Amino acid sequence: MRIKNIVLAAAISLGLGALAGAETGTLVVDGSSTLLPVAQATAEAYMDKNPGIKITVRGGGSGIGIASLQDSTCDIADSSRPIKASEISVALKKGVDPKPSVVALDGIAVVVNPKNGVTGLTKKQVKGIYTGGISDWAQVGGTAGKIIVVSRDTSSGTYEAFGALAMDGEKMRPDALLQAASQAVATTVSKTPGAIGYVGIGYISDTVKALNINEVECKKETVWNNTYPYARPLFMYTNGKPKGEAKKFIDFVVSAEGQKIVEEQGFVPLKKQK
Amino acid sequence: MGITDKIYKYIFMVIAFSSFIFLTGIIIVLFKEGLPVLSSTGIFSFLFGKSWYPTATPPEFGIFPLIMGSLIVTLGAMVVAVPVGIGSALYIHEIAGEKQKMFLKPVVELLGAIPSIIFGFFGMVIVAPFLQNLFNLSTGQCAFTGALILGVMAIPVLCSIAEDALSVVPKSYREASFALGANRWQTLWKVIMPAAGSGVSTAIILGISRVMGETMTVLLVTGGAAMMPKSIFDPVRPMTSTIAAEMGEAAVGGEHYHALFAIGLVLFLITLLMNMIAEYISRKYRMKLGMDV
Amino acid sequence: MKINPEKTQKIGFVALFICIIIALLVLGSIIYFVFSNGITAFSWKFFTDIPRKSMTAGGVGPAIVGTLYLVLGSVLFALPLGVITAIYLCEYSPKNFTLNLIRMSINNLAGVPSVVFGLFGLAVFVKLFGFHVSILSGSLTLGILILPGIISASYEAIIAVPQSTREASYALGATQIQTIKKVVLPTALPGILTGMILAVGRAAGETAPIMFTAVTFYSRSFPSTIFGETMALPYHIYVLMTEGTHPEEQKVIAYGCALILLILVLAVSSLAIYLRQSQRRKYA
Amino acid sequence: MLEEIRIKVENINFFYGLKHALVDLNMDIYKNRVTAMIGPSGCGKSTFIRLINRMNDLVSHTTLKGRILLDGKNIFDPDVDVVELRRKVGMVFQKPNPFPKSIFENLVYGLQIKGVTDKKVLNEKTETALRKAALWEEVKDRLNDSALRLSGGQQQRLCIARCLVVEPEVILFDEPCASLDPISTRKIEDLIVELKKDYTILVVTHNMQQAARISTKTAFFLLGELIEFGNTEDIFTNPKDKRTEDYVSGRFG
């Protein structure tokens, strides 16, 4: 009997909780794992400032985020790529009209071991290295030695971005070492003399050397003036132009305070508005 | 039987079919969601295609490297788990005294209760870096590490099932052997093991099936490269981790989404087959010993 | 060459001893590493607070509560189904065909890989039934995963109730359902509870089935409705290790989560094992 | 004293699957008498008394032909409520089988399933039953103890008391002393003789001395057939059938 009561009480409290939960202001952010750190950190800061609101950050991937937006199960869909035409038509059928807001920039640095003599590569060379055409540093003007290719795992947003920006959607060489986190890529490159890898701009440090691509240095300014080739905007999609709580949140992300967080998370902030 | 008893009987019967319904539901879902990609890619090129590039344009859905990834990790795990698991079962059954048994059996069971995410975590932060340094590998996240961790995880399964099989071998076998002047080791090796043989092989098959389906551990420690492994130290991307890692990225209803369900289907059919073989063997074994089946 | 049987025996026994030592060492070293590293993350705040500073500080309260909800939900779902299935199999002696069909289903359901349960939950609960990513979807998915275990534990417990006890009840004029409710179930209760506790341990640690059905990366507050998503301990460990930009700080939190999960699972399993042993002693 | 027939057994044939367990059984059971069933193991005596409260309904793959009339009414008629029948015909089993509950809960079980909740009624009836079963003095202070903590003999008397609480008219004893020591056996035997005043009693036993001590009528079973049925004295001192004589004189069985 006693167990029955406990179970009943638990069930009731869950049920009551369900009723109570509906009252507070909530915002569900879903989507790109690339944007996860930004979404999480900005949501945290935003909630500190606005205690009444509850933001949940889910990170399935850009596809999942847009699918949730189509199904109206999220308010904001993070995406590291522009929405596809097919996705828009599905959304419109369901009465949802996805509109993008650019909230941050992603600059992907190609990094090598500091001992490596090579200081820059062309886009074509990077593509050659990652798709398998080039396997020795001598082929790109370095001292002879096998190139050890390091990559993020194929499910990451960074992989997706790099694949689109640097490899034109071509297949990565199968012997690339896949690391589960950008930090792991940086660590591997810093410990392996012949290695090459790619990481978000925020991961550049003394232990890894960022290469110039097409003779453009990888830094904020070159991302802003669009000369650095491996850069892309990151989006938050909403149903129609952002409004209400979603608008306030996105406004916060693009504000100076929000952009500071973006930079802290290893991304390139939007260029300062004059 | 009274009318109330009859009503209850039918309600209970309907509920008792829930596991059948769930199993059927799983099969239906996997077929329904997995078939589209099988028909567009073709079963043969899906199963034996050598490139898995689900996000490339055009995407390629060949899961052979993933199947090989699962196989190499599973086989490796068995190399670890079979001797240690069965050896432990033999120790517990044959050498351990009552007191040791009272301690060892629960401990083995506890080892089996540790969640796979913890094994994966342990493998990722401790074992992989350690092996990387030890063997001077380019990455510690490879098939070998996965096999090692999964092998450890399979020890309790193998040990407890094998121990059960050993314990139902009739005592008279052992006594007969002792009476003929055999020592304990000879009795164990030549009489008890053969008698428990099919029970032990059931343990191995179920262990394989369990390891094959393990997800979080391989997701964290095997490196995730969808290529044909050339050596045990190559990173691999087993089927389970492919599903877990990519389901979030795949657009719902898209080809990639269906491909992941199709992998689930392949995985399910493999484990189903394993379980059926195990069940068949253990049935025969119990019949041989004259127990009810 | 003649081999001395005594020597072989000695070598053989030593080999077996090494096997068991390996098993023990592994268990010991995992517990040691998780404990020694995880304990540094522990503080009162760690259990009660929400994650802070990009999940590198603060606590994991929502993840703990989320895991508890998921476990509670899955048990609420699976326990009645499992116990009733076991009652049906034991008490109503169904025809062989039915019996074999149900048994076959249970055995095979028990062997389905956990990630496949996740796929099923995603397709059925999240999409088809429209429960979305929620505690409800996750609990149902986990419930199906633990169902076979609960059925077999309940079956063992119910079948162990002596036939003479049932007969005593019938002879006093009890109906079948009265006999089941008042005599069979109370007698089998300890065994059923043991099975349930083991299932709790299993459900708490599973990650793959809830990845697509229940969990969220970050939530500021404690879960308040079963129709909403939640954080959960095992998934939190996973994301801390694979996402985010502060791997070192995140690792500390991950160790802490792993320790909570480990303590939870080991405590619950030890309890179940203890209960089972004392049960056996009582009947032996 | 005029003997009143309580139970009339007519042409009973009973099968377990293909096994013919009871063959053409005919006999009368008298009110306020103890009727003993004797015979070697497997002769069908237990099977027989389990028919009288229809316990064999619980066994699948059985077939039954013939009638058993209780007060003139066939207990196998489809309109007979088996629950009512079992309240009228109580049973005590070979091994004491108390429920793993307290002594009190064991005793009130039969009443509770009938829906009796009045505490006073429950208390009164359990006390009466315990006194009748000669157990009251031993357990009156520990009614809330687990029944499993009683000794074997006490457990069996508890089972008898549990059966009496429901106020049956007929009581079936299926080898009630088979698992008990001589002292406990004695107590149960005395109890059965005592109960005869109020109840119609059937006892299965493989112990011939016991049958001789407690019964007025004895039936000898062999291989599912009723070989001989009559006054206990006659069966033991002057059996008509050779097989009965062989059995009671200990030549087989």
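**Reading strands, chains and contacts**

Me: How many bridges join β3(A) to strand β11 (residues 231–239) of chain A, and do the two run parallel or antiparallel?

Reply: For any strand pair, count the bridges and then check the direction. Four bridges join β3(A) to β11(A), and the two strands run antiparallel. One facing pair here is D78(A) and M236(A) of β11(A). Remember that this is a predicted model.

Me: In which sense does strand β1 (residues 25–31) of chain A pair with β3(A), parallel or antiparallel?

Reply: Read this pair in the same way. β1(A) and β3(A) pair in the parallel sense, over three bridges. Look for V29(A), whose bridge partner in β3(A) is I76(A).

Me: Which residues of strand β3 (residues 76–79) of chain A are on each side?

Reply: Take the two faces of a strand one by one. I76(A) and D78(A) are on one side of β3(A), with A77(A) and S79(A) on the other. All four are buried, so both faces of the strand are covered.

Me: Let's turn to a loop. Why is A182(B) called partly exposed?

Reply: Count the neighbours. A182(B) has 17 other C-beta atoms within 10 Å. A residue needs 20 or more to be buried and 12 or fewer to be exposed, so a count in between is partly exposed. You will find A182(B) in the loop between α8 (171–179) and α9 (184–213) of chain B. Leaving aside neighbours within four places in sequence, A182(B) is in contact with S177(B) and T187(B).

Me: Which two chains have the most contacts between them?

Reply: Start with the pairs of chains that touch. There are five, and chains B and C have the most contacts. Their contact takes 71 residues from chain C and 68 from chain B. On the chain C side, helix α1 (residues 5–38) gives the largest share, 19 residues. By class, that side has 52 nonpolar, 16 polar and three charged residues.

Me: How far apart are the nearest C-alpha atoms of chain A and chain D?

Reply: They are 15 Å apart, and these two chains do not touch.

Me: Which residues have the most contacts inside the largest nonpolar core?

Reply: Look for the residues with many partners. Here they are F121(B), L158(B) and A258(C), in a core of 359 residues. The largest share of this core, 17 residues, comes from helix α7 (residues 143–167) of chain B. Now follow A258(C). Not counting residues up to four places away in sequence, A258(C) touches I118(B), F121(B), V34(C), G38(C) and I237(C).

Me: How many helices and strands does chain C have?

Reply: Chain C comes to 11 helices and three strands. From the N terminus, the order is α-α-β-β-α-α-α-α-α-α-α-β-α-α. Its C-alpha atoms fill a box of roughly 70 × 70 × 35 Å along the principal axes. Of its 284 residues, 61% count as buried. Among contacts in chain C with a separation of 6 or more, 77% are between residues 24 or more positions apart.

Me: Why does the radius of gyration of chain D agree with that of a compact globule?

Reply: Compare the value with the rule. For 253 residues, a compact globule would have a radius of gyration near 18 Å; chain D has 18 Å, so the two agree. The C-alpha trace of chain D spans about 55 × 45 × 40 Å along its principal axes. Its secondary structure comes to 10 helices and 10 strands. Buried residues make up 45% of the chain. Of contacts in chain D between residues at least 6 apart in sequence, 68% join residues at least 24 apart.

Notes. Residues numbered from 1 in each chain as written. Chains lettered and ligands numbered in written order. Predicted model: local features only at pLDDT ≥ 70, side-chain atom pairs only at ≥ 80, totals over all residues. Rg over C-alpha atoms; globule rule 2.2 N^0.38 Å. Contact = placed C-beta atoms within 7 Å. Nonpolar A, V, L, I, M, F, W, Y, C, P; charged D, E, K, R; others polar. Pairing = 2+ DSSP bridges. Core = buried A, V, L, I, M, F, W, Y, C linked by C-beta atoms within 7 Å.
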